[in-house]
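User: I have a model open and would like to know how its descriptive terms are justified. Could you take me through them?

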Amino acid sequence: YRVEFLNYERLDEHDWSLDDEDLFEKAADANLGNADYGEITVEESETLLEAAENAGLAWPFACRGGACSNCAVAVIDGEVPIPTSHVLTQEMIDRGIRLSCITTPVTEDTQVVFNVKHMPAMEDLLL
Ligand code: FES
């Protein structure tokens, strides 16, 4: 599965928001570095975090088991199912937040913003 990614830390400096309809178009036009914006391929057998690491990217994580939310991403487009055991609140899930260490996308094209642990609403969940 193809996953287009964007670093949450770049949103602030460009005055972008997770709700911008054209967020990924703007990111594509912004000349961001390869670590901040790009595309990876995720196999069914690997998690989103593993796929990023296999692509040479250093996405944040800590527990690798769904318990800390350091690895959280916001799904902007596509579907990333929610495993049964995790630390996210229903509100987070409704906003499209997923944990990259325990999830794999199921749609052909998915867009995610990683590093959302820096989002103010997420900070309470961090261990
Ligand atoms: Fe802790 Fe994913 S690394 S929840």
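Analyst: Happy to! A good place to begin is the side chain of Thr107, which reaches the backbone nitrogen of Glu79 at 2.7 Å. Please keep in mind that this is a predicted model: local features need pLDDT of at least 70 and side-chain atom pairs count only at pLDDT 80 or more, while totals for chains, interfaces and linings use all residues. Residues are numbered from 1 along each chain as its sequence is written, and side-chain values use heavy atoms, with hydrogens and water left out.

User: What makes the link between the side chains of Thr107 and Thr110 a polar contact?

Analyst: A polar contact is a pair of N or O atoms within 3.5 Å; within protein, one must be able to donate a hydrogen and the other to accept it, and residues adjacent in sequence count only if both atoms are side-chain atoms. The Thr107 and Thr110 side chains are joined at 3.0 Å, so the pair falls within that limit.

User: Which residues does Thr107 touch, apart from those up to four places away in sequence?

Analyst: They are Tyr1, Gly78 and Glu79. Touching, or contact, means heavy atoms within 4.5 Å. Thr107 itself is found in the loop between strand S4 (97-99) and strand S5 (109-114); helices (H or I, at least four residues) and strands (E, at least two) are DSSP runs, numbered from the N terminus. For a sense of scale, the C-alpha atoms of Thr107 and Trp16 are separated by 25 Å, with the two positions 91 residues apart along the chain.

User: Why is Thr107 called partly exposed?

Analyst: Buried means under 20% relative accessible area and exposed means over 50%, with partly exposed in between (1.4 Å probe, protein chains only). The value for Thr107 is 22%, so partly exposed is the right label.

User: And how do you know whether Thr47 counts as buried or exposed?

Analyst: Its relative accessibility is 15%, so Thr47 counts as buried. Thr47 is placed in the loop between strand S2 (37-41) and helix H3 (48-54). Among the residues it touches beyond four places in sequence are Val42, Ser100, Cys101 and Ile102. Cys101 is buried too, at 8%.

User: How is Glu53 classed, buried, exposed or partly exposed?

Analyst: Glu53 has a relative accessible area of 27%, so it is partly exposed. This residue lies in helix H3, and beyond its neighbours within four places in sequence it is in contact with Phe61 and Arg64.

User: What makes Arg2 and Glu39 a salt bridge?

Analyst: A salt bridge is a side-chain nitrogen of Lys or Arg within 4 Å of a carboxyl oxygen of Asp or Glu. The closest N and O atoms of Arg2 and Glu39 are 2.5 Å apart, so the pair qualifies. Arg2 lies in strand S1 (residues 2-7) and Glu39 in strand S2, so the pair ties together parts that are 37 residues apart in sequence. Salt bridges also link Arg2, Glu4, Glu39 and Asp109 in a network, and the structure holds eight salt bridges.

User: How are Glu13 and Arg10 separated in helix H1?

Analyst: By about one helical turn, because Glu13 and Arg10 are three residues apart in helix H1 (residues 9-14). They form a salt bridge with closest N and O atoms 3.0 Å apart. Glu13 counts as exposed at 53%, whereas Arg10 counts as buried at 18%.

User: What makes Asp36 a salt-bridge partner of Arg10 as well?

Analyst: The closest N and O atoms of Asp36 and Arg10 are 2.8 Å apart. Asp36 lies in the loop between helix H2 (23-29) and S2 and Arg10 in helix H1, so this pair ties together parts 26 residues apart in sequence.

User: How do you know that S1 and S2 pair?

Analyst: Two strands pair if DSSP finds at least two bridges between them. Five bridges join S1 to S2, which run antiparallel, and Glu4 has Glu39 as its bridge partner in S2. S1 also pairs with S5, in the parallel sense, over six bridges; there, Asp109 is the bridge partner of Arg2.

User: Why is S1 described as largely enclosed?

Analyst: Five of the six residues of S1 are buried, so the rest of the structure largely encloses this strand.

User: Last one: how many disulfides does the structure hold?

Analyst: Zero. A disulfide is a pair of cysteine sulfur atoms within 2.5 Å.
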